[in-house]
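Here's a quick tour of one protein chain, written for someone just getting started with structures. Have a look at the sequence and the 3D view, then work through the notes below.

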Amino acid sequence: MQTLRTPDERFANLPEFPYAPKYCEVDDGEGGTLRMAWVEQGPAHAEPVLLLHGEPSWSYLYRRMIPILVAAGHRVICPDLVGFGRSDKPARIDDHSYARHVEWVRALAFDVLDMHRVTLVGQDWGGLIGLRLAAEHPERFANIVVANTGLPTGDIPMPEIWWQFRSAIQGLPTIEVGRFVASGCLRPMSDAVRAAYDAPFPDDSYCAGPRAMPGLVPTTPDDPAAAANRSAWEVLSASETPMLVAFSDGDPITGPMAAIFQREMRGARGIDHPVIAEAGHFLQEDAGEELAAAIVAFLRDR
């Protein structure tokens, strides 16, 4: 597999992100390896909180949440998905698949870090990947937080705004990742923060991951990932693992999923689910402090 690696200097002096990365190698699925990056903060003995970002962001998205979770005594693990952030970037769109992304995160979380009693926090693709892991390895997870995400099976049509996003990110000659993230926020974003979202992608040759991910979302019942996602729904809907549904009030893409998670997931029953106000799809960027506080309160009650 041909890969690209973003030069380290692209990540120098990022606003509000002083965290030094850690690295490991995972199997690329073709006989080689890929370097995955993550940041880790908090007591090594504490139960881990796994923060998974989505498309087209990276671990920088969680920068305002990390110190709040650490101050509450948690060990925070925040990876960069393959193709994003400081992780290696497969050069071809076809190198990406839903199954591969699930396996790459599994390898980091369990083979490398051997995490147990994990609290999953998944937004966007972080939920699509993390919920699969929680369903397929339930013994590893103590709590689940879903935030502006879903677990599509292709049985329910995607909203028109999502199709517009998919068409734009797949069809533009160049992708301005920072602009896409800003467009999914309700609160103003500074030029420096927008540049930090652009940092992993020096030019469009690095953007196979952002281009690929919308095409990996199951949109038809016979999609390659549809059966596995249906199985995950069956497992999770019957699971007693506590689930916090913490969606924003301004996400036209995943907003309707909040009520579905609350209704369908056994672990979500009897929990006071917050609505994060004045926040768009990227609620960590718009309201990271509020989301982190809700997670801290949720875990305090467990």
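Let's start with helix α2, whose buried residues are Y98, H101, V102, W104, V105, R106, A107, L108, A109 and F110. Keep in mind as you read that this is a predicted model. After α2 come helix α8, a few unusual backbone spots, the cysteines and a stretch named in a database record.

**Helix α2 and what follows**

- α2 has 15 residues and reaches 20 Å from its first C-alpha to its last, close to the 21 Å expected at 1.5 Å a residue.
- That said, α2 does bend, by about 25°, and the place to look is R106. R106 is also on the list of buried residues in this helix.
- Just past the end of α2 you'll meet D114, with a positive phi of about 50°.

**Helix α8**

- α8 covers residues 226-238, so to speak a run of 13 residues, and spans 19 Å between its first and last C-alpha, close to the 18 Å expected at 1.5 Å a residue.
- Which residues of α8 are buried? They are A226, N229, A232, W233 and L236.
- Look down the axis of α8 and its buried residues fall within an arc of 115°, so they line one face of the helix.
- What do the buried residues of α8 pack against? Their partners are α2 (98-112), α3 (125-136), β8 (141-146) and α9 (257-264).

**T219, in the loop leading to α8**

- T219 sits in the loop between α7 (208-216) and α8.
- With a relative accessibility of 22%, T219 counts as partly exposed.
- T219 and G154 are 65 residues apart along the chain, yet their C-alpha atoms are separated by 4.0 Å.
- Leaving aside residues up to four places away in sequence, T219 touches G154, M158, W162, W163 and R166.

**Backbone oddities**

- D114 isn't a glycine, but its phi is positive all the same, at about 50°. You'll find D114 in the loop between α2 and β7 (118-122).
- D124 is another residue other than glycine with a positive phi, this one near 55°. Its home is the loop between β7 and α3.
- Are these two buried or exposed to some degree? D114 is partly exposed, with a relative accessible area of 44%, whereas D124 is buried at 14%.
- The peptide bond from E55 to P56 is cis, with omega near -10°. P56 belongs to the loop between β4 (48-52) and α1 (66-71).

**Cysteines**

- How many disulfides are there? The count comes to zero, using a cut-off of 2.5 Å between cysteine sulfur atoms.
- Take C78: the closest cysteine sulfur to its own is in C24, 14 Å away, which is too far for a bond. C78 is buried, with a relative accessible area of 0%.
- C207 tells a similar story, as its sulfur is 18 Å from the closest cysteine sulfur, in C185, again too far for a bond. C207 is buried too, with a relative accessible area of 1%.

**A stretch named in UniProt**

- An unreviewed UniProt entry lists residues 48-153 as "domain: AB hydrolase-1".
- In this model, the end C-alpha atoms of residues 48-153 lie 29 Å apart. The span is 31% helix and 22% strand.

Definitions and conventions:
Residues are numbered from 1 along each chain as its sequence is written. This is a predicted model: local features need pLDDT of at least 70, side-chain atom pairs count only at pLDDT 80 or more; totals for chains, interfaces and linings use all residues. Side-chain values use heavy atoms; hydrogens and water are left out. Helices (H or I, at least four residues) and strands (E, at least two) are DSSP runs, numbered from the N terminus. The expected span of a helix is 1.5 Å times one less than its number of residues. Buried means under 20% relative accessible area, exposed over 50%, partly exposed in between (1.4 Å probe, protein chains only). The arc is that of the directions from the helix axis to the C-beta atoms. Contact means heavy atoms within 4.5 Å. UniProt positions are given in the numbering used here, feature names are shortened, and annotations may be inferred rather than shown by experiment. The bend at a residue is the angle between axes fitted to the seven residues ending there and the seven starting there.
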